[in-house]
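Reader: Could you walk me through this structure at an easy pace? I have some questions about the chains and how they are put together.

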Amino acid sequence: MCVYNSNKRKNTFHGLFFILPSMVGVSVFILIPYLDVVRRSFAGAVSQTFTGVQNYITVLTNPAFRLACKNTVRFAAVCIPLLIVLSLAIAVFLQRQGPWGQRLKSVYLIPMAIPAASVVLIWKLVFDRHGLLNGILSGLHVNTMDWMNTGAAFWVLVFSYIWKNLGYDVILWIAGLGTISENIYEAARVDGAGEWNLFLRITMPNLLPSLYTISVLSFLNSFKVFREAYLVAGDYPNDSMYLLQHLYNNWFRDLSMDKMAAGAVLMTVVVSLLVLLLEKAWGKDIE
Amino acid sequence: MKINAKKWMAGVMAGAMVVMTLSGCSKTAEGKKETAMGRYMEEEINLPDGAGYLADLQKKSDGTLRLTSMDTNSMTYTIYSSDDGKDWKQEEFPMDVNSGALQPNGGDLYLNMSPNGEIMAREVCYDDSTMAASNFYHFIGMDGTLTDLTIHVPGKETEGNEINGVLFSKNGTLYVTDYHNILYKIDKATGEIAETFDGGGEEIRVSAVVGNQCILVTDSQVLRYDSESGEQIKSDKVLTDQVLQSMGERSDSYGGLPVISFTEDKDGGLFYGCSDGVYYHADGGSVCEQIIDGELTSLASPTFGISKMIQLDDGSFLIAGLENGETSKLLRYTYDAKTPTVPDQELKVYSLEDQSFLRQAISLFQKNHPDTYINLEIGVTGEDGVTREDALRTLNTDILAGKGPDVLIMDGMPINSYIQKNMLLDITNVVKKIKKSDGMLESVTDAYKTDGKLYAVPAKFYVPMIEGDGDTVTNFAGNLKNLADRVEALKAENPQQSVLLRMSAEELLCELFYADSANWVQKDGSISEDKVRDFLTQTDRLYKTIVQNDAENSEYTSNYSTEMSNTRDTIARYIMGLVTGEGKIGIGNLGSIMNFATVTSAQEKMPEAGLQYGLLDGGEKKSFVPSVIVGINSGTKQEKLAASFVETVLGGETGTQGDYLLSANKKALDTVKEMPWGANGTDEIGGMAISSEDGTMVEFLIKKPSKEDMGSLTSMLESLDSPCINDAAIVDPVMEQGTAYLDGEQSLEDTVTNIMQKINLYLNE
């Protein structure tokens, strides 16, 4: 018993020793700066004097913050389910195509390989007031619109996100599908199960661990869509696609470090809670 | 044992990684700093009495200096000679050059002397109607013999090409340059071209004769020729690269002088001087060494141009040049081994864009504070794709890291946000001090007054102006609706005649925005949607009168940029259109008293039109466009020095430089009013021939405004009461969406909705 404890402590010590370099990096570049952000959220922008919870009150009553939160939540609520369902459908389809499907899956990764600057150029070419899309609509005698300056801008953003991330999620799903033994399906088929039942009763339950990972990654990737949105529409896009990142970006330009810090802390709390909820909801199934 | 070795190795590697990671955060070892010593110090040499325009500066073969100058009052030429420029003694020309014998045709006279005393006189006559120049040449030998020369440069008859410069080599060979900067070697006896030095098909930007070399600088190379044999000297890549870098995009400096000036070294090397300073390059050497840093001298001033540079026997330099394009200056640069190479103190100044007014202030400050180096950082240079927003974010990062600039020029920056965050120091006392000594236009200095304190003060400004018939200016320039009514009525009277001059939708929006936007701001700081709608409606009415029967105008584009403050001084170009009859009303921004002269000269040119000028008001407020908005970073550790620099920026001396920009300093305005403007002491600034739409040339003489006009300008400036909206987050959507509306791409309501949505987002943040 004593020998066991000694070995366990030794192993723990060795483990700590190995994670130390990355722990130092994470601490220096993430944890310590984040603690400074928390401190700043209770202080003035430049003077750094203690202001209590005033920054939080300012942020929570700020109409731009509320709009950005609403849009960010709306964006995530629309995009993530859509992306997960679409990518799953394509992954299942591709897996059933055998070797052909394996080759085809690489094609879905192409959008990820295209640099943001090129994507932005395509966006501008297609969705500009004088762009390709309006040119086609005009040719078909359909009313054109200024895509980036109307509510349509939100759906352009959704389209861009799905287009860019679909391939990545498909690959993740295919990896998950690959872990399900073919024997289970064969056994079920022998018992008379149909394709729909196979999917619902075997595929879905076995994909739950993947679903958690894919959901979290898709959620985090949704923040990256800001890059394209900013490059196309600038600091102040149509208010349907005004995201939290736009707001932080503009606050930084105006040196509103107080509001930015409070907003960042609030956002961390919400994202962490969401991830914990997901883990709790699917955690048992994962184990 | 094997396992232990592996563990140790893994441990060592992990440790090494930790050390490497942390080493990136460590400070570099600071050794004992040794201050580099030795710098060329600038000193202005008092010119001899009566010396005005410096026509030439030479070092004779015996080492003495010779200065040829023209008295600007009596228009007579004089030569002075001295050992080292301290004591000037008058010498005689070989003949009386002021007798009129060299101006038989009554033209303007330009003299150049060879090192051995020969004189080339160039008499330039201008055609009254076309302003085309015709030259006559007279050559005076060492014995005073006068010979008339006829020099024909290619293109003289076909395109009016003429000689615009005369040069002598060290041994007295005569060279001339033409309008294309092509260099010709001339036979002094016959006037025939003995040799042509061209740029090999490329445009020549600078041509010079230095010692026994002819030097031509084109866009991509520095060509050198032996002045006697005419043979090309092997290209020198080091010299070429440095010269082209020093020249940048410029073809000439202020006053029309070449961007750079060459002189020879006794060992065969070359010196050249430019706004960057003075450089030395040994023939075939591997470096081009900067021996004088222009930033620490008057050379960097945007209003100073070098006309001649020579090196004295003791190694010091004499540089002759023109300040403001008209005042001659002679500067000596003497090496002082006891002065630190770089000044001990450094003051960081940050501006989003480069501005000549700021450069002038820096040059003045540097001159009065030789122990201080002004480190000017420009955020948006246009060379690296950095946008205004990128630059602001970088600036903010520096400020938060405690590495921010000492002084901020806040054009295009979120000024109110900076004030609210206590990021700026109160400079009320600095302004008070200048108010006491010089007087300041309070409406301008108080543009950003907050709680009775001044944190950001504009040093100069622009005013929206209108010039047209008296009725329009007096009765209809008070608001945009009245102006639109009037312009439509005038257009209806004569549909074929343009009323407003041709301008793009963005240009019109911009000119009217500056006049009207001050009225949009409501008491709570929000922007009135109704005012924006009205602005767009009236602007659209005005724009329709421009494009009504001008199909080409829809294709009209210009290089105008709303971001660049240097392009805001627009009134003069519209006044030119009035003079040529292309329109009846000119609107634009006035940024300098020099351009005000254009406004008043147009009245004098066209008495029959009954032209009047006045402020263009969009509504109740008389607005202006603040510029060079200066403030001090509250994080500075050099508060006194920064305040001293702010004092220079807002001071009277800066305001009297260049084109006499509209300065908030009253003394500067008064000085400009009183001083003679013309190079020869007269009030005539210059003339120009403008091509009208039907191809005829219209001569336009620009004169200094009369005392009455100056008085009227002062009253107008003193009546200003509100800064226009100058925040890019509001200006940009108005320009972008407004242009689409004026071009008929979207409805008024969509345009207003889009603009207000973006503005409200910004204000809500």
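What follows is a conversation about the two chains, from their overall form down to single strand pairs.

Author: Before anything else, please keep in mind that this is a predicted model.

Reader: Fine, so how many helices and strands does chain A have?

Author: Chain A has 13 helices and zero strands, and its order of elements from the N terminus on is accordingly written α-α-α-α-α-α-α-α-α-α-α-α-α.

Reader: And what is the radius of gyration of chain A, set against a compact globule of 287 residues?

Author: Chain A has a radius of gyration of 24 Å, whereas a compact globule of 287 residues would come near 19 Å. Its C-alpha trace spans about 80 × 70 × 30 Å along the principal axes, and buried residues make up 27% of the chain. Among the contacts in chain A with a separation of 6 or more, 72% are between residues 24 or more positions apart.

Reader: Which elements of chain A have the lowest and the highest mean pLDDT?

Author: Helix α4 of chain A, residues 99–105, has the lowest mean pLDDT of the chain's elements at 76, while helix α2 of chain A, residues 54–60, has the highest at 93. Over the whole of chain A the average pLDDT is 86, and 95% of the residues score at least 70.

Reader: Switching to chain B, what does its secondary structure come to?

Author: Chain B has 20 helices and 34 strands. Its radius of gyration is 30 Å, close to the 27 Å that the globule rule gives for 765 residues, so chain B is as compact as a globular protein of that length. The C-alpha atoms of chain B fill a box of roughly 105 × 80 × 55 Å along the principal axes, and 44% of its 765 residues count as buried.

Reader: Into which domains is chain B divided?

Author: The division gives domain 1 (93–232), domain 2 (350–459 + 628–655) and domain 3 (460–627 + 663–720). Between domain 1 of chain B and domain 3 of chain B, the C-alpha centres lie 42 Å apart.

Reader: Let's look at a sheet, then: in what order do β18, β19, β20 and β21 of chain B come?

Author: These four strands form an open sheet in the order β18-β19-β20-β21 (chain B), with antiparallel pairing. Strands β18 (261–264) and β21 (289–293) of chain B stand at the edges with a single partner strand each, so one side of each is left without a neighbour in the sheet. Neighbouring strands of this sheet are turned by 25° against each other on average, direction ignored.

Reader: How many bridges join β18(B) to β19 of chain B?

Author: Four bridges join β18(B) to β19 of chain B, residues 270–274, and the two run antiparallel. Within this pairing, T263(B) stands opposite F271(B) in β19(B).

Reader: And which strands does helix α3 of chain B lie across?

Author: Helix α3 of chain B, residues 237–247, lies across β19 and β20 (277–281) of chain B, and it runs at about 170° to β20(B).

Reader: One last spot, the hairpin of β12(B) and β13(B): how many residues lie between the strands?

Author: There are six residues between β12(B) and β13(B), and in the turn G191(B) has a positive phi of about 85°. Strand β12 (residues 183–186) of chain B and strand β13 (residues 193–197) of chain B pair in the antiparallel sense over four bridges, and the bridge partner of L183(B) in β13(B) is F197(B).

Notes: Residues numbered from 1 in each chain as written. Chains lettered and ligands numbered in written order. Predicted model: local features only at pLDDT ≥ 70, side-chain atom pairs only at ≥ 80, totals over all residues. Pairing = 2+ DSSP bridges. Axes fitted to C-alpha atoms, helices over the stretch in contact; angles between N-to-C directions. Contact = placed C-beta atoms within 7 Å. Rg over C-alpha atoms; globule rule 2.2 N^0.38 Å. Buried ≥ 20, exposed ≤ 12 C-beta atoms within 10 Å, placed from the backbone. pLDDT = per-residue confidence, 0-100. Domains from an automatic or database assignment.
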